Structure formats: C-alpha cells, structure tokens
Amino acid sequence: MPIMTYVDAIRDAQRQEMLRDPDVFVAGEDVALMGSSFGQTAGLYKEFGAGRVLDTPISEGQIVSLGVGAAAMGLRPVLSLDFCDFMGCCMDEILNQAAKMTYMLNGQVGMPLVIRANIGGEIGAAAQHSQCLEALFTHIPGLKVVASSSPRNAKGLLSQAIRDDSPVIVLEHKALNGMSGEVPEGAFTIPFGKAETRRAGRDLTLLSWSKTLLKCLGAAESLEKEGIDAEVIDLVSLYPLDMDAILASVEKTGRVVIAHEAVETGGFGGEIAARLADEGFDLLDAPIKRVAAPFAPVPFSAALERLYQPDENRIMAAARSLF
Amino acid sequence: MKLSKKESLSLYETMVRIREFEESARTLMLEGKLGGFLHLYSGEEAIAAGVCSELGDEDCICSTHRGHGHIIAKGGDVNRMMAELYGKDTGYSQGKSGSMHIADIGIGIIGANGIVGACIPIANGVAFALRYRGRDSVAVAFFGDGASNRGTFHEALNLAATWRLPTVFICENNGFGMSTPPARASSVKNLSERAAAYGIPGVTVDGNDPVAVKAATREAVVRARAGKGPSLVECVTWRHHGHYIGDPAVYKDPEEQKRWLAADRDPILRFEARLVGEKTAKGAELEAIRQRARDEIGAAIAFAESSPDPAPETLTENVYR
C-alpha cells in the first residue's frame, strides 16, 4: 500500500472523486492557482481545468451558497473554507440553508455538498485560526460531521463525503498535514457512522477523534506500563455517531475517558457523556471523564498553547482517577 | 414593447391570480385558519408576472419570504401551495415548509427563503450549475430593497459579474425593509446604481407596470443567455400590507399608502384600464379572468381544508437524503 501524507491523501480523495464523477467540482479560497494553504488541492487545477477547480473571492457566504445552489441542481460541490474559524462568516448559509434545504423541501432536493475546513492548534495560529468547532455543527440537524486522524481515514472520509447526498462538514487537523501513513490506492471510501477501534483493551475506553486521538494512543502505551489496558476508539464520524461501538466497548471496560481538543463546555464530549449516562449507565463502574480545552480562546504563545491542548499526561491522569 | 393580446391577458391573469391568492390567504389568517407568518405580495404582482413571463421551464428562480407571487407566476400549483399554508399532507412539502419555503424543482422554483438576502448568492449557484451542464438557461434572484443592504447581495453581484454567471438580479423595492424605507437604510437614490460598483448593467423600472418589468427582464435574460453576465433590475413598487399580516404598519404615511393603492397606481387596476382603454380586451373578458381566479383559489382552499394533516412519522423524514 502506498505511503502518503495527510495532505496528499486529502488531495487524492478529491482527485479520485473528480475522475469518477463529472458532477464533482472544487471551489473555494485559493484552491486553484495556489492549491490551498497547505497544498490540499495542489495540481487539481492543472489536471481538471478552470471549469472544475475554481478560486472564489473571499466571500464565505457566497462560497457556501454557490454550493447550495449547485447541489440543489444535482452537482457535487467540494468547498474549501480553509480555516474552520472562518465558518463564522457563513453560518447562515451552513445552518439555515445547506442544513435545512432537504427538510424544508421535503426531499425534493438532496444537498450533496462538502465543506472542508481545517481545525486545531499546535502551530501558533492563535484564537481565530485554531478552533475545533465541531460541536456547533453536530447540533444542527441536516449536517453530517466527520473528523480525520490519519492519511487513510482523511482520504476515505472525504471521498465518502463527496458521494453523500447530504451536506457534510469535513474537519481536517492542520497539525496532521505532514503525517505519513498507508493509504489505499484509487477510489476509496470509509462509511460514516462506524467508529474505528485503534487499540484493543480491557480496562478503560479512551474515546476521541482528530489529532487528540493520537494523544490517546500515546497515553494508552504509557498506561500499559502502569498495568492499565486501554482501548482506544476513533469516532471518526460525529454525526452519524457509532453509539453501538461506544456501548460495546464500555460494556467490556466499564470506564470511559472522552478526550477532545475543543473547549470542554458544550463540547461534543458532553453529548457522548449524556448518551452514555442514558443508554449505558449500568455498564459504568466509574464516572465519565472528559479531557478537553479550558473555557478560553486558543492562545498564541507556545508556552500557553501547550497548557491549552489536552496532552497525554492529562489523559493519563484522568484515566488513573477512574481506578 | 408591443405585446400580443394573449401576452397581455396572460400578464393580467397572473397578476389577478396572485392577488386573489394573497387576499384569500389574508382573510384566512384573520379568521384564524392559517398559522405562522404570512408575508403578502399584494401590490407587487406586476414584477413576478413580468419577470416570469420571460422565463421557460428550464430557467430557475430563487425567491424570498414574500414568495407566493413568484411561485404562482412561475407555474406553481396553487392547490399544493394553499395546502402547504394550511400545513397539510398534500402541501408542497407535506407541511414542513409553510408559507416561506415553497419549492417546485421540476419547474425551476428552487425555493422561497425565510432569510432576507439568502437567495441571492444561491441563485448564483443555480446559474453556475446551469452553465456547468451546458444549458443556456438563467437563474433569477428575487429580493427586496432591504436585502440589498446585506453582504450576500454584494458578494453575489461581485461573483456573478466576475464569473459572468447567467444570473438576473431582480430587486423589488417595495418601499420598506420591514418598516425601514430605503432612504433611511441605503446610501444611493436608486438601488440599481449599485450595479456600477460591479461593472454590470443596472436599471430602475416602474415595478407596477408589468410591461416595463417584462421589457427590462427580457434585456437581462438575453444578455445572460448570451454569456454576457448578470444584470440588476430594480423594480419600484409598494407593499400594500404590513410586513406580515398582523403588522399594523404604523410607519406608513396614510396619504402615500392611499396614492399607491389608487386606480392609477395599483398594478392590476392600472393595467386593466390600459387594456380596456387600448381596446385590447373588453371589461367582460377581464371579469371572466377574475372570476376564473376566484374559482381557482376557492377550489384551492377547499382542497387544502379537505386534506389530511401530515402523519406523525413524517416529522423526522427527509432530514437527510
């Protein structure tokens, strides 16, 4: 299997889907001539031309609306908003237009559009270029929300998103851009709503997604030395959510730590915890723990950002507290 | 613009059907038979009639919260519209949309929209798709004077002009963005002047004259079909009622309201006088058209009232495709 970087996997997903379906087009900020901020669309303009790879003005509302109108007509727009933080500039278009069109029109139209945006910190991008805003979108019926943690699932999820007939928010972590890994060749999709067990374990379930998942894997390695055998589950898709996989794991372990990079208050971890308490209370041997960012914007200083990010030590401390 | 008798009567009939639908809906709401918000198009009929008379089935429209007129003029089914206003199972969206989100994709009605100004950039997406598929059809965005102050308007005009999209922007200046007149909200005298900022044609026409609207639309549509890009047409009109039914419109000058509703200003009464005066039609012919409209809307109300409510299981259907 070929080795690819995360960025190359994202680019390859778009390329493969454009090759197989002429209705797929890519539009957004700096996607054509520049190939996007981190090269996620590099080469597509040259290969597919100006008709299918379009640089837009910096007009986020128009970018998403372009997608809404085109998707209502049956095209499959892949829109890049660059940074997730910029979705504040087009929230009406996401939450009132894209998300609700199929319902309001009672299924007269699908809304097969994809919005790609990078999330997360660790590169000193500060308060307006580092957020993880997935919980804003999981709250809105009509949207699907996925977050990748490896080159392989970055390609598979994006490809699946492009084929989906509903709007999908695809969150890519900018600090994973240089990560390398095995990625299947050619067209390749990963189904939504199916969590990936990245490490099997008996004593504790670590639930996570995006880059924090990797920290959970690191924490699990260290915990093993302390005699705690942790299972690590990558949720991959937040809506639809694979609650069955979560419950099955907790049935085995009885203990859960949910770790994410977003602010803890109102974060998606709270939704998982509530559902676990509701649907899996009898399975639990200890309180549900969350490890997340404090209730503050993302700071610039590397010294502060290190404190802001959930790290292996905090995940391990939360894990230990359950025994 | 010289029209055949058939064209003229068709414009008249469309306007009359819209008025009948709207005034009936108003009565129904005042009687407590309709819920939700009702934003009526009465007084603005000449715009929908004039614009849509220049469009074919392949051409698309994106509409507003005040959208009934656009939908009727584009060929929407008044039975399904009225049933939707009643929230019934036979409505366009089985009662999920109500007055503000009616669509009929098969005849190019991409949807009314409850967010002011939202449809303008969406129309660009539709226009883009039409061009992408190699069609020579156009997308029309209807919006009000209030919407022209939103960023969506400016983003949309800029993109359409830059990409030469086949979009036609129809600004219905009905005197009020809810309660606020353009003179208190916009920096230009005529909203069409804003076209200059984007290097596209902009005209202001009498929005109560269906023929003037039709002529301006034809020019914009021909230009768009030819790949020459978008145009902005401002149609000056007057909203007969409040922003919604229940708004007493205390901000309106009663004298001005009276002037706009007078026979020489109301789009239907004035066009009627012109058709008779120019001997295009006899009074009895026009009365027959009016009666047909009354019968049609009466039947739509009966259809809606005799329709069942949506079934409980439809509540969460079609959230996703």
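Student: What makes helix H1 of chain A enclosed rather than open in this structure?

Tutor: In this predicted model, 12 of the 15 residues of H1(A) are buried, so the helix is largely enclosed by the rest of the structure. A residue is called buried if 20 or more other C-beta atoms lie within 10 Å of its own, and among the residues of H1(A) that pass are A:Tyr6, A:Val7, A:Ile10 and A:Met18, as well as A:Asp8, A:Arg11 and A:Glu17.

Student: Which elements cover the buried residues of H1(A)?

Tutor: The cover includes strands S1 (3-5), S2 (24-28), S4 (76-83) and S7, together with helices H2 (44-48) and H7, which belong to chain A.

Student: How do you know that the span of H1(A) agrees with what a helix should have?

Tutor: The helix runs over residues 6-20, and at 1.5 Å a residue its 15 residues should span 21 Å; the end C-alpha atoms are 21 Å apart, which agrees. The expected span is 1.5 Å times one less than the number of residues.

Student: How do you know whether helix H11 of chain B agrees with that rule?

Tutor: Helix H11 of chain B, residues 283-305, has 23 residues that should span 33 Å, and its end C-alpha atoms are 33 Å apart, so the value agrees with the rule. Its buried residues include B:Leu286, B:Ala293, B:Ile297 and B:Ile301, and the buried residues of H11(B) pack against helices H1 (5-30), H4 (78-85) and H10 (267-277) of chain B.

Student: How do you know whether chain A agrees with a compact globule?

Tutor: With 323 residues, a compact globule would have a radius of gyration near 20 Å, and chain A has 19 Å, so the two agree. Along its principal axes the C-alpha trace of chain A spans about 60 × 40 × 40 Å, and buried residues make up 58% of the chain.

Student: Which domains does chain A have, and what makes them touching parts?

Tutor: The domain assignment gives domain 1 (3-182) and domain 2 (196-320), and their centres, taken over C-alpha atoms, are separated by 26 Å. Two residues are in contact if their C-beta atoms lie within 7 Å, and 25 residues of domain 1 of chain A are in contact with 24 residues of domain 2 of chain A. On the side of domain 1 that touches domain 2, the largest share, four residues, comes from strand S6 of chain A, and that side divides into 13 nonpolar, nine polar and three charged residues.

Student: Why is the largest nonpolar core said to lie between the domains of chain A?

Tutor: Domain 1 and domain 2 of chain A both give residues to this core, so it lies between them. The core has 195 residues, and those touching the most other members include A:Val146, A:Leu206 and B:Ile170. The largest share, nine residues, comes from helix H5 (residues 119-132) of chain B.

Student: What is B:Ile170 in contact with, leaving aside its neighbours within four places in sequence?

Tutor: The contacts of B:Ile170 are B:Ile47, B:Val51, B:Val140, B:Ala141, B:Phe142, B:Val233 and B:Cys235.

Student: How many residues does the contact between the chains take, and what makes up the side of chain A?

Tutor: The contact takes 31 residues from chain A and 31 residues from chain B. On the side of chain A, the largest share, nine residues, comes from H3(A), and by class this side has 13 nonpolar, 16 polar and two charged residues.

Note on methods. Residues are numbered from 1 along each chain as its sequence is written. Chains are lettered from A and ligands numbered from 1 in the order in which they are written. This is a predicted model: local features need pLDDT of at least 70, side-chain atom pairs count only at pLDDT 80 or more; totals for chains, interfaces and linings use all residues. A nonpolar core is a set of buried Ala, Val, Leu, Ile, Met, Phe, Trp, Tyr and Cys residues joined through C-beta atoms within 7 Å. Helices (H or I, at least four residues) and strands (E, at least two) are DSSP runs, numbered from the N terminus. Domain bounds come from an automatic or database domain assignment. Ala, Val, Leu, Ile, Met, Phe, Trp, Tyr, Cys and Pro count as nonpolar, Asp, Glu, Lys and Arg as charged, and the others, Gly among them, as polar. The radius of gyration is taken over C-alpha atoms; the globule rule is 2.2 Å times the number of residues to the power 0.38.
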